[in-house]
Every structure is written in structure tokens, then in C-alpha cells.
Amino acid sequence: MIDPASIESLKQSIDIVDVVGNYLELKKAGANYKCNCPFHDEKTPSFNVSPAKQIYHCFGCGAGGDAIKFVMEYEKLSYPEAIEKLAAMYNFTLRYTRGSGGDYGEAKRVLELMQEWYSANLDREPQALEYLRARGVSQASIEDFGIGYVPDGAQVMAFLRSRHIPLPKAQEAGIVAEGERGEFYARLNRRVTFPIYSPAGALVGFGGRTLGDHPAKYINSPQTRLFNKSRLLYGYHRAKEEIYRRREILVCEGYLDVIMLHQAGFRTAVATLGTALTAEHLPLLHKGEPQIILAYDGDRAGVAAALKASRLLAAHGFDGRVVLFPDGQDPADMVHRGDLGSLEALLRGGTPLIDFVLEKIAVSHDLSAPREKERAFAEMKSFLASLSPIVRESVVPKAANLLHASPALFAQAADQRPAQRHLAEEREDPAWQSILRTLIENERLIDEVLDIIAPEMAGEYREAFEALAAGRRDHPRLQGLAIDERIHPLDETAFRRTLRAQIERYYRQYLRRLSLDASIPYQKKSYLIRKIKTDILPRLKKGELVPYASDLTL
């Protein structure tokens with residue numbers, strides 16, 4: 001049982017604006033903060049957070065309470081679980097009247113023990129130190145960021161036994177995983193480790209970089225009650241004071257980019273954790289109302305990630321710009337070479353977010369072909385519709401200039417009749433029709449599924465899913481689904497059940513294709529088959545929506 005005095009101390013040490021702001025994108029409104037209510041659907045914000053009274057209240061549905069009540073309702077936790085979650089988030093040590101503490105306290109203890117051990121291991125592993133030195137990482141940065149090393153899995157399991165840590169508790173902390181036959185194994189194995197912290201500085205998980213030829217170069221801790229990679233930014237706990245001071249945040253792609261940028265004095269650098277920027281990152285990015293600088297590789301994948309992030313940020317009213325690193329360069333390499341002048345010049349430049357989206361739409365179509373130009377126009381018009389009226393009006397001339405078209409065209413209604421014809425011409429899949437119709441009706445779910453669904457999973461509906469993910473709701477097939485009275489949106493329980501079934505079907509079909517593909521090297525094929533059979537499918541059977549594994553490519 002948690003000591004009541006300890007609960008009161010926790011309440012005194014947290015701020016409800018900061019707590020709610022970790023989940024929702026709050027905007028100042030007089031003495032309070034406002035946003036759309038997460039507990040009922042609404043278009044006009046009626047959810048208010050009072051920093052003076054340390055309470056929240058929705059004038060639409062009546063929901064209200066303090067920070068603990070909010071976490072209970074939002075995370076669907078019991079009262080003790082919500083307290084422990086907050087304590088873990090804010091690195092607060094709870095006192096218990098009996099026993100050794102709750103699950104969150106135990107997970108925190110396991111993580112801290114592992115970090116201490118990983119860090120000590122680094123000095124005993126010459127290969128890991130050699131790798132870091134070769135990348136230009138200084139001893140000061142190794143210590144500041146807590147870089148460590150995890151040896152082979154047998155040593156991990158031996159360490160857990162020596163510290164009397166039950167394997168189920170280690171699993172809850174994301175240190176071990178359970179195989180198909182119920183056996184436990186270490187998730188990280190022979191990797192350089194990067195501890196990952198919450199914005200408040202609490203250790204919540206690890207990233208690991210292989211030193212061998214493992215197909216997955218980087219992996220993170222799995223989703224746990226402490227670790228949600230879509231709400232975290234690597235390095236944020238170290239960068240936040242500088243972010244607030246400079247009102248600027250530099251978002252890059254990897255752990256080493258962040259470490260080397262900080263080492264060179266660019267102390268607003270953070271990185272996503274192997275995932276695209278999502279709507280769940282927005283509350284964190286909004287704190288301090290900084291300008292967003294997206295510093296991404298200039299290759300195809302980097303441009304695609306920058307485009308997706310720019311669409312998302314522009315639609316939510318963020319200001320900022322995109323910086324693409326040319327010729328295979330990245331920030332870490334430029335710092336290592338001492339090319340700080342060029343790096344600083346690059347980061348001072350860049351393309352504004354909205355301009356970047358419009359320009360990429362234009363260059364991705366052959367504007368000399370009328371039908372291609374029409375598609376580019378539809379895509380631009382859809383993007384502009386996501387912007388505020390004032391911003392939209394100011395950028396329409398640029399959009400028109402890029403297309404060599406009249407600005408007046410952007411005010412005309414689109415002809416939706418082709419949508420119905422196109423839908424009838426394609427094969428139907430009732431499950432994916434229901435999934436897409438649900439996503440059309442419930443935008444909140446779209447960002448939630450982007451890390452779970454790869455476009456190819458949607459089969460015949462791949463193009464429609466990609467359009468929906470990109471915010472292009474004028475796609476003919478989506479318009480057809482939206483007006484087809486035979487297709488109904490699912491409630492969230494049915495939606496997740498249907499989605500899980502489709503994902504499982506995809507991986508089983510993938511296994512069959514994989515077994516027949518003689519072009520894949522044996523080592524990689526063995527790894528892929530083992531990953532699907534012992535990790536992905538068992539988790540799906542248990543009811544988990546498993547994030548798509550990006551290394552599963554044929």
C-alpha cells in the first residue's frame with residue numbers, strides 16, 4: 001500500500017499542465033489551457049486545464065479531476081497504478097506502508113540496475129569502445145549520455161539471477177522477452193546501449209546498436225507501461241532547458257546524431273526512436289512553443305520522413321523548416337570531421353515546412369501531363385485544406401505558381417463522381433473496407449496504426465491507405481468508402497480485433513512467400529522466420545497489436 005503522505009508529496013511535486021501536456025497538445029487560453037477533449041468527440045475545444053487550481057474540466061462532457069484522475073481515465077489505470085505511473089514519469093520515489101513497492105517501482109529498479117551494469121560493461125569491451133571512438137564520441141559524451149554495452153544473452157540472464165530479479169519482472173521492464181515455448185531470452189544481445197529517459201529524466205528503456213552483422217542494426221525496448229516510443233524523444237531530458245531558452249528544437253534521426261550535435265554545442269538536438277514523427281509527439285514538441293528544425297538525411301527515406309513530418313506539423317500549426325543533408329552526410333559525421341562551419345550553415349538554412357510539402361508534391365508529378373497535373377492539384381488542395389484559413393490564403397499563390405495554374409482553381413469544389421466509379425471497378429475486401437472506414441471516421445486512430453501497419457498489408461487497398469496516412473482524403477477510393485452506406489465504422493474493440501486478424505493473415509502469407517524465395521541468404525531468412533514465429537505471431541495471438549518490423553523486407 002502506498003503511504004498517503006507520499007501521495008500528497010507527489011501531488012505537490014507535479015504540475016497538471018505538464019502532466020496533461022505529455023498526452024495532449026494544450027494551447028494557452030487566458031489563465032487556463034485548452035484543447036479538444038480526449039474523452040468525447042468534439043471539433044471545438046471545451047477541455048480546460050487550470051494551473052491555478054491544478055484541475056481539469058470539460059464543459060462538453062463533464063469530465064474533470066486532478067492529475068492523478070486524468071492519468072487514470074486516459075491510461076485506463078487503477079488509482080494506485082496511476083500514482084505509480086506518475087511517480088515513474090517524474091522520477092519520484094514513493095514510500096509504501098508494507099511490501100517492496102508496486103510494479104512501476106520494481107520496473108524502475110530493474111532498469112536502473114541494468115543501466116548501471118551496461119555502463120560498467122563498456123570499459124570491459126574494447127570493440128564497443130573502438131566503435132564509439134571511431135564515430136568521434138568523446139569520453140565526456142559517453143558519461144553524459146550513459147552509453148553502455150550489453151554482452152551475450154547468457155550473461156544477461158546470469159546477471160538477473162545474481163540480483164534476484166524475477167524474469168517476469170524483467171519482462172515488464174522490457175529487458176527480456178518470452179519465446180513461443182514459454183522460455184525467456186534477453187532482448188538486447190552484444191549491443192552498444194543508449195539509455196532512454198522520459199522528459200522528466202526518469203529512465204524508461206534502452207536502445208541498442210549491434211556491433212555484428214545482425215539484420216536489425218538498431219532496436220529499442222518494447223512497448224511497456226513506462227516506455228512508449230511514440231511519445232518520447234531521445235535526448236529531450238537533456239535538451240529541454242536549451243529548447244525553452246532558444247525556442248528551437250532540432251529533430252534528427254538517430255542516437256549518435258543527437259550525441260554528436262550536443263558534443264559540438266548544438267544542445268537543442270533530439271531524435272525520434274526509430275519511428276516517424278507522430279501526433280503523439282506533438283504535445284512534447286509544443287512545450288515552449290519552439291521552432292521545429294527537421295534535420296534528416298537527403299536520401300529517399302529521409303525525404304519521405306521529412307515530408308510526412310512536415311505535413312503533420314503544418315496541419316497542427318507548428319512553424320519550422322526542413323534541412324536535408326546532401327551526399328550521404330549526417331550530423332554525426334560532420335561533427336566528427338570538424339566541419340562545424342558547414343553544419344551550422346546547413347542548420348541555419350532549410351525550407352519552411354509548408355513550402356517543402358508543396359514543392360515535393362510538385363516535383364513528384366509530371367506537370368506537363370494534364371492528368372498528372374490534375375493529381376498534383378488534388379494533393380495540394382487536400383494539404384492546403386489542413387491549414388488554417390489565414391495561412392492557407394497566404395500560400396495559395398505559391399501553390400498556384402508551382403503548378404503554373406490559376407489561384408482561383410483552389411477555391412473550386414472537386415468533382416467527386418469519379419470516386420464512385422473507381423470504387424466499383426476494384427475488388428472488395430470487407431475487413432479492410434471496415435478498417436479504412438473506421439480510420440476515416442476516427443482520425444485519432446490514424447497515427448496510432450501508422451507504426452503497426454505497413455502499406456503492403458492493406459493489399460488491394462494499399463494506395464487508399466497511403467493516401468489516408470498522407471492526409472489525402474480526396475482519394476477516389478476513400479471518397480467511395482465514405483459514402484457507401486453498406487460499410488459501417490467499427491467500435492474500437494472490434495477495430496483492433498479486425499486489424500489484428502488482418503496483420504496475422506499478412507504475416508502468415510509472408511512466411512509462405514519467404515519459404516519459397518531462394519534469393520534470400522540463409523542467415524537472413526532464418527532470422528526472419530524466427531522473428532515471425534517466435535516473436536510476432538505469439539504476441540498477436542495474445543491480443544497485442546505488434547508494431548511493423550521494418551527489417552522484414554524481401
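This is a chat about one helix, a pocket, a cavity and a serine in a predicted model.

Trainee: Hi! Can we start with helix α24? How far apart are its end C-alpha atoms?

Mentor: Happy to. The end C-alpha atoms of α24, which covers residues 492-516, are 37 Å apart. At 1.5 Å a residue, its 25 residues should span 36 Å, so the two values agree.

Trainee: What sits at the start of α24?

Mentor: Look at Asp491 there: one of its side-chain oxygens comes to within 3.1 Å of the backbone nitrogen of Thr493.

Trainee: And which residues of α24 are buried?

Mentor: They are Ala494, Phe495, Leu499, Gln502, Ile503, Tyr506, Tyr507, Tyr510, Leu511 and Leu514.

Trainee: Which helices do those buried residues pack against?

Mentor: Their partners are α20 (430-441), α21 (444-450) and α25 (522-541).

Trainee: New topic, pockets. How much space lies in the second largest pocket?

Mentor: About 420 Å³. It is lined by 21 residues, and the closest to its centre are Gln171, Val176, Pro222, Gln223 and Glu544.

Trainee: Which element supplies the largest share of that lining?

Mentor: That would be α25, with 4 residues in the lining of the second largest pocket. At least two residues each come from α5 (103-122), α9 (167-172), β7 (176-178) and α25.

Trainee: How do the lining residues divide into nonpolar, polar and charged?

Mentor: For the second largest pocket, 8 are nonpolar, 4 are polar and 9 are charged.

Trainee: What about closed spaces? How many cavities of 30 Å³ or more are there?

Mentor: The count comes to 1. The largest cavity has a volume of about 50 Å³.

Trainee: Which residues line the largest cavity?

Mentor: You'll find Tyr118, Gly174, Ile175, Arg187, Leu188, Phe206, Asn220, Ser221 and Pro222 around it. By class, that lining has 5 nonpolar, 3 polar and 1 charged residues. Pro222 is worth a click, since you met it in the pocket too: it lines the largest cavity and is among the residues closest to the centre of the second largest pocket.

Trainee: Last one, Ser141. Where is it found?

Mentor: Ser141 is in helix α7, residues 139-145.

Trainee: Is Ser141 buried or exposed?

Mentor: Buried: its relative accessible area is 5%, and the cut-off for buried is under 20%.

Trainee: What does Ser141 touch?

Mentor: Leaving out residues up to four places away in sequence, Ser141 touches Gly146, Ile147, Ile259 and Gln263.

How values were computed
Residues numbered from 1 in each chain as written. Predicted model: local features only at pLDDT ≥ 70, side-chain atom pairs only at ≥ 80, totals over all residues. Heavy atoms only, no water. Expected span 1.5 Å × (residues − 1). Buried < 20%, exposed > 50% of the residue type's maximum accessible area, 1.4 Å probe, protein only. Contact = heavy atoms within 4.5 Å. Polar contact = N/O pair within 3.5 Å; in protein donor to acceptor, adjacent residues only side chain to side chain. 1 Å grid on protein atoms, 1.4 Å probe; cavity = no way out; pocket = protein on both sides within 12 Å on 5 of 7 lines; lining within 4 Å. Points joined across faces, edges and corners; volume = space filled by probe spheres on them. Nonpolar A, V, L, I, M, F, W, Y, C, P; charged D, E, K, R; others polar.
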